[in-house]
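Student: Could you take me on a close look at one part of this protein, and show me how it fits into the rest of the chain?

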Amino acid sequence: MSGEGEWEKITLPKYEGPTGRWNAFYRKIIALREKLADKRYIVDFEAVDYIAEVYLNGRLITRHEGFFAPFSADLTENINVGENVLLIVVKNDITTSGITVNGFTHYGNKIYAETHLGYDEPYLGWHHCPAGAGIFGKVTFVKSESKRVTDIFVIPDIDKSEISVNATVTDYTFDGEILTAEYSVEGRNFKSETVCVREKTNRLSDGENYLRVRIPLENFRLWTQKKPYLYSITVTLKDDSGRTIDEKKSHFGMRKFVMDENSSPKGAFYLNNERIILRGTNEMGHLPKAVMEGDDEKLIGDILTAKIAGLNFYRTTQRPVFDKIYSYFDMLGMLCQSDFPLFSYLKYSALGEATKQVDEMEKLTRNHPSVVIESMCNETLDRTAWGTEQYNMSRLEIEKFFNAAREIILLDNPDRVIKYNEGD
């Protein structure tokens, strides 16, 4: 894994076939002029499909499985002054829904349904169903402080006129420092007064630390589909001298979305305490493809075209998508359902990975007011339907996975509306 040999020069993002099991190798030379003792050297990955192994100078730094979730690799302990070889091994796998070869269906452990970015298949042309692989999200090299704000999640409460801010601070040290966290809230797409709250943190521990604070937000503006007012929130970490250690910005909307599970018929939806009928469409790969190609105008145009056609709802069919897509839904007032990437079945051998990816999906989507529903599986079947008893869970067993997934999601986001099954 030293990265020697001849290499083809490419430009990221890159997503390609074929479907099934294969490996690809990506190399980047990182030239470091100096290595500062108080800094961390980190690579942030927006999305890699499917298994990513990250090596620096021949050492394995981290491994990540899944195609939609961001992850990071801390290079600090193994990066040197001079040239460093960053090697990313990308491994594709057969999906849990299987591929048919010579009349026999093979089932792998890749959690993937039937839609994604698409690639040019030799016989079909561009096709969105085959499960290719590659580094299709941004890769960013970051020189970071030893404490870093890595996530912000805001839970709005329109009935109590307040927000609950949940910030994640990643500490790469063992010094147990106490910092001051500043929370600043103001209108993002409208003028408003700035609300600022300061609080001391508890003693930070190595790894992820979770900061929580409630902030009153009087006379707020609702996020609606006709007037999608958004707020900007900045979380800043400062030491005892007042020096800024790190800060991160995000946005949120003051909205409430509820599914009535006791109505007749069950399942009535309410947006901001008013009944709403969802009129939507399946998104089948064109929006993520526009993001991957850097065509924001096409992304915006497609969303606005749907609104002009009278639609108020997108289903990102059978997978989560780029954070940028959810952000444009937020800005343009389009509701969204994000699907977990399962089709019909779940293999026993993929259960543990599936529960991890459920957590990743919720953390990707939860701060977006546009994402109002999440579903767990498309067209769920019993394993007897296609004779897959040797590999897959039964319909009743997968229901237990749905129940466990629901609890994981509600731990991450207590307001999430969840549908177990979607499709025919």
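**A close look at helix 3**

Tutor: Happy to! Let's begin at the end of helix 3, which is followed by Gly 333, a residue with a positive phi, near 75°. Please keep in mind that this is a predicted model.

Now step back into the helix itself. Helix 3 covers residues 323-332, and its buried residues are Ile 325, Tyr 326, Ser 327, Tyr 328, Phe 329 and Asp 330. Phe 329 is a good place to pause. Setting aside neighbours within four places in sequence, Phe 329 is in contact with Trp 223, Leu 287, Ile 303, Tyr 314, Thr 316, Met 334, Cys 336 and Ser 370.

Those contacts lead us to the wider setting. The largest nonpolar core has 48 residues, and Ile 325 and Phe 329 are among those that touch the most other members, along with Leu 299, Phe 340, Leu 346, Met 376 and Phe 401. Besides helix 3, the elements giving two or more residues to this core are helix 1 (286-292), helix 2 (296-308), helix 4 (351-365), strand 27 (371-378), helix 5 (395-412) and strand 28 (417-422). Helix 5 gives the most, with five residues. As general background, nonpolar side chains tend to be buried together in soluble globular proteins.

Apart from this core lies another, of 27 residues, with Ile 158, Val 185, Leu 237 and Ile 245 among them. Val 185 brings us to strand 16, which runs over residues 180-187 and also holds Thr 180. Thr 180 counts as buried because its relative accessibility is 16%, under the 20% cut-off. Not counting residues up to four places away in sequence, Thr 180 touches Arg 198, Glu 199, Lys 200, Thr 236, Leu 237 and Lys 238; Leu 237 is one of the members of that 27-residue core.

Finally, let's place all this in the whole chain. Its secondary structure comes to five helices and 28 strands. The radius of gyration is 22 Å, close to the 22 Å from the globule rule for 424 residues, so the chain is as compact as a globular protein of that length. Along the principal axes, the C-alpha trace spans about 70 × 65 × 40 Å. Of the 424 residues, 53% count as buried. Among contacts with a separation of 6 or more, 69% come from residues 24 or more positions apart. On the outside, the chain exposes about 20200 Å², with carbon and sulfur atoms supplying 48% of it. As for charge, there are 53 positive and 64 negative side chains, and the centres of the two sets lie 2 Å apart.

Conventions. Residues are numbered from 1 along each chain as its sequence is written. This is a predicted model: local features need pLDDT of at least 70, side-chain atom pairs count only at pLDDT 80 or more; totals for chains, interfaces and linings use all residues. Side-chain values use heavy atoms; hydrogens and water are left out. Helices (H or I, at least four residues) and strands (E, at least two) are DSSP runs, numbered from the N terminus. The radius of gyration is taken over C-alpha atoms; the globule rule is 2.2 Å times the number of residues to the power 0.38. Buried means under 20% relative accessible area, exposed over 50%, partly exposed in between (1.4 Å probe, protein chains only). Contact means heavy atoms within 4.5 Å. Accessible areas come from the Shrake-Rupley method with a 1.4 Å probe; for residues, only the protein chains shown count as cover. Lys and Arg count as positive and Asp and Glu as negative; His and the chain ends are not counted. The place of a charge is taken as NZ of Lys, CZ of Arg, CG of Asp or CD of Glu. A nonpolar core is a set of buried Ala, Val, Leu, Ile, Met, Phe, Trp, Tyr and Cys residues joined through side-chain atoms within 4.5 Å.
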